[in-house]
Amino acid sequence: FGDGFFPSETRDPARQSMKFLKNVQGLQDAFTAVEKCSIPVIAAVSGACIGAEKGIDLITACDIRYCTANTKFSVKEVDIGLAADLGTLQRLPKVVGNQSAVREWCLTGRMFQANEALQFGLVNNIFENKEQMMVSVMELAAEIASKSPIALQGTKKILNYSRDHTVEEGLDYVAIWNSAMIHTE
C-alpha cells in the first residue's frame with residue numbers, strides 16, 4: 001500500500017483511525033468502480049490470487065472470472081489480524097452463494113485451488129495455461145463487444161440491482177429501464 005496508508009505514530013489515536021478510515025474508503029471506492037463500470041469487466045487470473053491488489057477483493061467486483069489450473073486463491077486478512085475490508089466479505093457470498101464455503105475460506109485464510117473455485121462458482125472456467133486463457137478471454141470480449149452497448153450497460157446495471165433487491169423490485173426496475181431504452185437505435 002505504500003508509505004502513508006497505515007497511520008503513523010502520533011499521540012492521537014482518533015486521528016490515526018480517521019486517516020486509516022479515509023484510506024480504506026478510498027480503496028473500497030476503487031474496487032466498487034470496477035463493479036459499477038458501465039461495460040463488462042473480465043478477470044483473467046493466473047498464479048496467486050491473494051490480497052487486495054490481485055486478489056479476491058478485485059475479482060469479485062468483476063463480471064466474469066477465468067483462471068488457469070495453477071491459480072491459488074486465499075482470503076488472507078484473517079492471518080494478519082484484520083477483517084477483509086475492500087469488498088470480499090460483501091461480494092464473495094453473493095458470487096458463490098455458499099455461506100459455509102465463504103466462511104471457511106475467510107475464517108481460516110486457507111489456500112484453495114482453481115477446481116474448488118470452479119466448483120463453487122467463483123470462476124467460470126479453468127485453462128491449462130495463461131496463453132489459452134487469454135485467447136478465450138479475448139474471444140469472449142470480442143463476442144460481448146459485438147452486442148449493443150445500451151443492452152450491455154442495461155443488462156449489467158439490472159443484474160447488479162437485482163442481486164441486491166427482491167425479484168419484484170428487479171422486475172419493476174427492468175420494466176422502467178426498458179421503457180426508456182426501447183427507443184434506442
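How many bridges join strand β4 to β5, and which way do the two strands run? Some notes on that and the rest follow.

1. Ground rules. This is a predicted model, in which local features need pLDDT of at least 70 and side-chain atom pairs count only at pLDDT 80 or more, while totals for chains, interfaces and linings use all residues. Residues are numbered from 1 along each chain as its sequence is written, and side-chain values use heavy atoms, with hydrogens and water left out.

2. The β4-β5 pair. Two bridges join β4 (residues 72-74) to β5, and the strands run antiparallel. Strands here are DSSP runs of E with at least two residues, helices are runs of H or I with at least four, and both are numbered from the N terminus. Two strands pair if DSSP finds at least two bridges between them. In this pair, F73 stands opposite F112 of β5.

3. The sheet around it. β4 and β5 belong to an open sheet of three strands, ordered β2-β4-β5, and the pairing is mixed. β2 (48-50) and β5 (112-113) are at the edges with a single partner strand each, so one side of each is left without a neighbour in the sheet.

4. Aromatics by F112. I'd look here next: F73, W105, F112 and F120 form one aromatic cluster. The structure holds six aromatic pairs. The ring centres of W105 and F112 are 4.0 Å apart and the planes are at 10°, so this pair is stacked. For the cut-offs, rings of Phe, Tyr and Trp (its six-membered ring) pair if their centres lie within 6.5 Å, and planes under 30 degrees apart count as stacked, over 60 as edge-to-face and the rest as tilted. W105 is buried, at a relative accessible area of 0%, and F112 is buried with a value of 0% too. Buried means under 20% relative accessible area, exposed over 50%, and partly exposed in between (1.4 Å probe, protein chains only).

5. A tilted pair in α8. The rings of Y173 and W177 have centres 6.5 Å apart and planes at 35°, so the pair is tilted. Both residues sit in helix α8 (residues 167-181), four residues apart, which is about one turn of the helix. Y173 is partly exposed at 22% relative accessibility, whereas W177 counts as buried at 16%.

6. α3 against α4. Helix α3 (residues 88-96) packs with helix α4 (residues 99-108) at an angle of about 145°, with the axes 9 Å apart. Axes are lines fitted to C-alpha atoms, for helices over the stretch in contact, and angles run from 0 to 180 degrees between N-to-C directions. The crossing is right-handed, meaning that the near helix is turned clockwise from the far one by less than a right angle (anticlockwise would be left-handed). T88, L89, L92, P93 and V96 of α3 meet Q99, V102, W105 and C106 of α4; contact means heavy atoms within 4.5 Å. By class, seven residues in this contact are nonpolar, two are polar and none is charged. Ala, Val, Leu, Ile, Met, Phe, Trp, Tyr, Cys and Pro count as nonpolar, Asp, Glu, Lys and Arg as charged, and the others, Gly among them, as polar.

7. V96 up close. V96 lies in helix α3 and counts as buried at 11% relative accessibility. Leaving aside residues up to four places away in sequence, V96 touches V102, W105, F120, G121 and L122. Two of these names, W105 and F120, also appear in the aromatic cluster.

8. The parallel sheet. Another three strands form an open sheet in the order β1-β3-β6, with parallel pairing. Its edge strands, β1 (42-45) and β6 (125-127), each pair on one side only. The twist averages 20° from one strand to the next. Helix α6 (residues 130-145) packs on this sheet and touches β1, β3 and β6, its direction making about 160° with that of β3.

9. β3 in the middle. Four bridges join β1 to β3, and three join β3 (residues 64-68) to β6. Y66 stands opposite A44 on the β1 side and opposite N125 in β6, while C67 has I126 of β6 as its bridge partner. Five of the five residues of β3 are buried, so the strand is largely enclosed by the rest of the structure. Both faces are covered, with I64, Y66 and T68 buried on one side and R65 and C67 on the other.
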